[in-house]
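Biologist: Before we begin, could you show me the structure, so that we can go through the reasons behind the words used for it?

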Amino acid sequence: MRARPATGRLFPLLHVLGMILGVFGLTMLLPLAISEFTDDAAQRAYDVAVLATLAAGLALWLAGRHRRQELRAWDGILLVVLTWLLTPLFAALPLLIYLPGLSFTDAYFETMSGLTTTGATVLTGLDKLPASIHIWRAQLHWLGGLGVIVLVVAVLPLLGVGGRQMFRAETPGPMKDDKLTPRMAETAKGLWKVYSLLTLACIGLYWAFGMTPADAVVHAFSVMGLGGFSSHDASFGYFRSLPLELITVVFAAIAGLNFSLHFLALRGRSLAPYRTDPEIRWYFLFLLGSCLGLGLLLWLLGIYTSLPQALRDASFSVVSMATTLGLATADFGQWPTFMGLWLLFLCSFTTSAGSTGGGIKMLRAVLLYKQVHRELMRLLHPRAEIPVRLGSRTVPDKILYAVLAFFFVYVASIVALSFLLSLSGLDILTAFSAVVVTLNNTGPGLGRVGPSTTFAGLTDFQTWLCTFSMLLGRLELFTLLVVLTPVFWRR
Amino acid sequence: MPVMRRRVFPILHVLGMIVMVFGLSMLAPLLLAELTRDGAQRAYDLAAPITIGSGLVLWLGGRHWRRELKTRDGILLVVLTWTLLPAFATLPLLLHMPGLGVADAYFEAMSGLTATGATVLSGLDDLPPSINLWRAQLHWLGGLGIIVLVTAVLPLLGVGGRQMFKSETPTPMKDTKLTPRMAETAKGLWLVYVMLTSVCITVLWVLGMSFFDAVVHAFSIMGLGGFSSHDASMGYFDSIPLEIAVAVFALLAGINFATHFAALRGRRWGVYRHDPEIRWYLSFVLLSGLALALLLWQRDVFLDLSDALRYTLFNTISVATTLGFATTDYGQWPFFAGLWLMFLCSFSTSAGSTGGGIKMMRAILLFKQVYRELERLVHPDARIPMRLGREVVPNKIVYAVLAFMFIYVASIVTLSFALSFTGLDVLTSFSAVVGCINNTGPGLGQVGPATTYAVLTDFQAWVCSFAMLLGRLELFTLLVVLTPAFWRR
């Protein structure tokens, strides 16, 4: 096959990219409708944004129409990267127009944070912003979560990334299926249905227990996408309501699990998928253990005088951070530092592959641990062939390799980005926690980006680094990095 | 207990020999104490016989159970050696300074034998010379032990990553005995080590150190330890020629001793050019030094460019090679500079040197593996072999290196948590763990180059001692002993 020039690979994508932008522009109609309905001052912002986005989408679609062809694996990679680069750009338009004091750097950070379901914000005075803006921000989370589900279930396994591909009932070789099969479209649709159902249930419950309809929608969008944006500066602490916190904890925990499980359970009306999933037991073990542990410690160390209150705040913080949601009821930045660090640690690996959460995913953590155990055993029995098992299946070496390499890149990314932030003047705690929470798409960190404040204090350079970090994490590292290698463009 | 009889008793014989030899080495500081009448004689008078006696008991008692050593015996022997010898090494310290406490004394001794160089002692300038000699001697013996460990023992166990360079059979488990060839190699390396130490002592002496200081610091440098006889470390001397000499010898000690041996034996300097680690090692260290010097000068940390170059290069080389001498308080430098130094000491030194860290070779393999994974995304069916120099690296080794990296990070995270949990601030916790697990020495924050590790509570001192041991034994060697499978049939 003769090599195509670099620009040659772009055209087949433009068609699809145009469609994506078009759909994205259509979703802006929701906040526009709300804006018209509530007659806030933001109508013009949405008018312009909708038009610009639809126009751009149409232009791309038309440009690419004649050259469209079947998308191959590496086209998929480029498409994914371009989608997550461009949609925040257009998403920033309403913000830039409505809030003229907001710099482009900050606006792009905010929308990237929205679409990667991170939830780190540069905005203050949230309580005064109109409902349409809040809906728009939270909607980014919800759409981002949708996008993640498609990404992880359909796209990444094609590329041999994501680690979940061994659970596909199709052929194990990641490159055998390099087309989007009807089956995959079926699966995606089914998952969207579950996602939407759960969101509706969450909205209903929030509303029933006291939230205004707008707040209910905003926070349900935020929770299901495991984002973290709120319509209040005080985040979830604004409500001070135990029932609402419980609802959040339950739905966040659900959203942190593989959506395929929910789909299979609902379709088959049985709990069996949950029982056989290899990630679940560790997921709940870490969650429950941390809730209890931190709760008890907070009480024993005298930071909370009431044990129930300590457990309540600890549990909310643990579940919120571990699932990479990022809503807050307590300022855990004031807790002893090792507790904050434990929360950061949890958000790095707790959520399951196939959820809307971030981090390296529990599946990889489990595989890493098993691989290390195998290396130890190899020291003792060097000639033994010891397979690594997950559930009842043997994990092929190829996947273990990829997981180990992934871990290394993950650590290297954290080190490199922390250095850069530190080089530009941030203290070590802020620098490190900012990188960890953005790379894991969590939200608030510690130090000067803690839960009681925002990311507004960062310089432009630091903000761009964090934006990059969010994108890197959401695209599971390799998807973005491979686009930056010369090998990718040569083929 | 049958487990004891099966696992432990067969090695007591060899362990006894090692302890005896170690006890005999105490005669050096004992002699010095007698000659200089520095007040510590009594400590050695008690410590030496106790150690030699214990070794004798173990040797005689173990003779009954001796048999040919297998892999597992080797592992256990290594672990017990590095746990037991520091215990005996604490004797002179505790006897001379009873107020020191067991936790701190063991920390100091472990720091000595793992060639870390983190100290809990202050007032070094006022300590009896024999105590300072003993401390530095631990470094030197530790370095000796490391060389044997890495070139002879660890490759047997399939750890260490260097086994692919053995011209013997590539699978690590074919040789399960210490062959005469291995003993030859070990002897050759010791010769190089001793030679370089002698040259170092001479050079330092000629350039102005007292003979005693020259010996102490040469021992420290060749083992890449970091103990000094002065609180101000190398800053005490304030001498550029000395700093240059120390830097050069530290860089040499950070190179694989097998490479030195090959070069000296065959008088072929080309060996250095073919070593795959050296170019990265020197590039990283020297370029970092230069870049940091320029950055620090630009930020007015040093007003003079020559000052910036002098202090930055020395301290960068010192930390990167995991030596741990200091000429200035780099804890006062902008954060990223101190962090970069900590980063360097994690991987710069070569496998087969006396340095610590994950070793440059593993770092190189890790990067190559990542690049290979990225290429696989684009060419999923290609078979892309991993090369280092001219040799192909078997997948088994790449695996081991990746797993090693994971354990390394997990260890740092866990131990930092343990320290942080008990009250230390984040910077001190993290840098203490990094400084200890890489066997470097000073960290940042409250364990920075201007101070000591005395701030640690007993529990924290034990955690750091564990970190030092873990790092020196290349993680797996120690961890496997802690698994139940090790003790089962």
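Modeller: In this predicted model, a search of the whole structure finds 44 aromatic pairs over all chains. One of them joins A:Phe236 and A:Phe239, with 5.1 Å from centre to centre and 55 degrees between the planes.

Biologist: Why is the pair of A:Phe236 and A:Phe239 called tilted?

Modeller: Ring centres must lie within 6.5 Å to pair, and planes under 30 degrees apart count as stacked, over 60 as edge-to-face and the rest as tilted. The centres here are 5.1 Å apart, which satisfies the limit, and the angle of 55 degrees falls between the two cut-offs, so the pair is tilted. Both A:Phe236 and A:Phe239 are buried, and they belong to one aromatic cluster together with A:Tyr206, A:Tyr238 and A:Phe316.

Biologist: What makes B:Phe107 and B:Tyr453 a tilted pair, and which parts of the chain does the pair link?

Modeller: Their centres are 5.4 Å apart, within the 6.5 Å limit, and their planes differ by 35 degrees, which is neither under 30 nor over 60, and therefore the pair is tilted. The pair links distant parts of the chain, since B:Phe107 is in helix α5 (residues 102-113) of chain B while B:Tyr453 is in the loop between α17 (426-437) and α18 (458-472) of chain B, 346 residues apart. Both B:Phe107 and B:Tyr453 are buried.

Biologist: How do you know whether B:Phe347 is buried or exposed?

Modeller: Buried means under 20% relative accessible area, and because B:Phe347 has 8% relative accessibility, B:Phe347 counts as buried. B:Phe347 lies in the loop between α14 (335-344) and α15 (360-378) of chain B, and, leaving aside neighbours within four places in sequence, B:Phe347 is in contact with B:Phe284, B:Ile358, B:Lys359, B:Met360 and B:Ala363.

Biologist: Why is A:Met19 called partly exposed?

Modeller: Partly exposed lies between the cut-offs of 20% and 50%, and A:Met19, at 42% relative accessibility, therefore counts as partly exposed. A:Met19 is in helix α1 (residues 11-27) of chain A, and with A:Leu58, A:Trp61 and A:Leu62 makes a nonpolar surface patch of about 360 Å². The largest share of this patch, three residues, comes from helix α3 (residues 43-65) of chain A.

Biologist: What is the predictor's confidence in chain A?

Modeller: Chain A averages a pLDDT of 87, with 90% of the residues scoring at least 70, although pLDDT stays under 50 over residues 163-180 of chain A.

Key
Residues numbered from 1 in each chain as written. Chains lettered and ligands numbered in written order. Predicted model: local features only at pLDDT ≥ 70, side-chain atom pairs only at ≥ 80, totals over all residues. Heavy atoms only, no water. pLDDT = per-residue confidence, 0-100. Contact = heavy atoms within 4.5 Å. Patch = residues over 30% accessible without salt bridge, like charges linked within 9 Å, V, L, I, M, F, W, Y side chains within 5 Å. Areas by Shrake-Rupley, 256 points an atom, 1.4 Å probe, with all protein chains shown as cover. Salt bridge = Lys/Arg side-chain N within 4 Å of Asp/Glu carboxyl O. Helix = DSSP H or I, 4+ residues; strand = E, 2+ residues; numbered from the N terminus. Buried < 20%, exposed > 50% of the residue type's maximum accessible area, 1.4 Å probe, protein only. Phe/Tyr/Trp six-rings, centres within 6.5 Å; stacked < 30°, edge-to-face > 60°.
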